[in-house]
Amino acid sequence: MALNGIDISGWQKGIDMTKVPGDFVIIKATQGTKYVNDDCDRAYRQAKRADKLLGVYHYFSGGDPIKEADFFVSNIKGYIGEAILVLDWEGRMNEKFSQGPAVAKPFLDRVAKLTGVNPLIYMSKSVCREHNWSTVAAKYGLWVAQYANDKQTGYQTKPWTDGSGYGAWKSPAIFQYSSHGKLSGYSGNLDMDIAYLDAAGWKAYAKAAGHNTKTETSSSTEKAQESAPSGSTLDLAYGVMKDKYGKGDERKKKLGSRYDEVQAMINHIANASAVTLAAEVKQGKYGDNEVRRTVLGSRYDEIQKIINDQAAKSSKVYYTVKSGDTLSGIAKEYGTTYQKIAQLNCISNPNKIYPGQKIRVK
């Protein structure tokens, strides 16, 4: 049994995961200790609604492995338990790349300790043999990359490999075989992957090993985190708006370590400009239909009006008059009437138009 899927980053911002075929998607969440992919949550939630298996990854940028792990975990709390977690270990922008397991393992160990989930590590196949990864392979699975060429390809059931081994790993859990994938529903290139797992195997990699997410803080914070609900920030904000978590201290207790991030979204909706919120709605930040209407609350109508006005404006069609044109002829070409065109352009005499005149036809 195998699964077909893709991995995406900010380069595929806006990709519609409901239109792109595949069993799974792995999404870049963070890099270093400052970068957060602002399209990650939108793509994640969209893929989840499309019933795809999920994963999120962190691109290591050569910093302190503990700090980078903490940053990663702090930004993917809502995905823990349902998404596989991955360390992307590459040489580009990673000055500690040559240190291999000495740096990668502390990151992986930290993520495992904070989440209870054993992450995978991603690397090119050649890197598997550049170090002794045995201490890493003993606990963490491998997502490996090796390309036959740069030709465009769809999903493959038996992608090419050079026939050599995978170092300390007997075999990879996931194999990335192209960066020039072409699938329906998306016009750009995609990274193509095959997972040598079934759905149950994928979920086993994603599942915490017997305990809940927690951090090394005070015991009261640990208890709050252990009881923190799962789901995206939007899921929890929607629950708050539906009175699922109560108010005041009751809400703080039920949301636990998730309280600040959820309250920040609610405060942002209350205080941000309508234009800002309209742009975020178009990016998919607030979901669709009932979820969007609920979380936007009393601001829904003003924001929707901006979106509708922008859509109407963008749908306007103009035509530049040429010699010999008549208003009725132009109207026929665009499937409208000369009376409507005259009204749109305040033309009092439909028989008087001139070459070079720009008129709105719809």
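**Close-up views of strand S5 and the LysM region**

**View 1. Strand S5 is mostly covered in this predicted model.** The strand spans residues 83-88, and 6 of its 6 residues are buried. Burial applies to both faces of S5. On one side lie Ala83, Leu85 and Leu87, all buried. On the other side lie Ile84, Val86 and Asp88, which are also buried.

**View 2. Strand S4 pairs with S5.** S4 is made of residues 53-59, and 6 bridges join S4 to S5. The two strands run parallel. Within this pair, Leu54 stands opposite Ala83 of S5. Between the two strands the chain passes through helix H2, residues 65-75. This β-α-β crossover from S4 to S5 is right-handed.

**View 3. Strand S5 pairs with S6.** S6 covers residues 120-124 and is joined to S5 by 3 bridges. S5 and S6 run parallel. Here Leu87 of S5 stands opposite Ile121 in S6. Leu87 is also one of the buried residues of S5. The chain leaves S5, goes through helix H3 (residues 101-115) and reaches S6. The β-α-β crossover formed in this way is right-handed.

**View 4. An annotated region lies at residues 317-361.** The UniProt record, an unreviewed entry, carries the annotation "domain: LysM" for these residues. Over residues 317-361 the chain is 31% helix and 13% strand. The C-alpha atoms at the two ends of this stretch are 6 Å apart.

How values were computed
Residues numbered from 1 in each chain as written. Predicted model: local features only at pLDDT ≥ 70, side-chain atom pairs only at ≥ 80, totals over all residues. Heavy atoms only, no water. UniProt positions renumbered as here; feature names shortened; annotations may be inferred. Helix = DSSP H or I, 4+ residues; strand = E, 2+ residues; numbered from the N terminus. Buried < 20%, exposed > 50% of the residue type's maximum accessible area, 1.4 Å probe, protein only. Pairing = 2+ DSSP bridges. Right-handed = clockwise from strand over helix to strand, strands pointing away.
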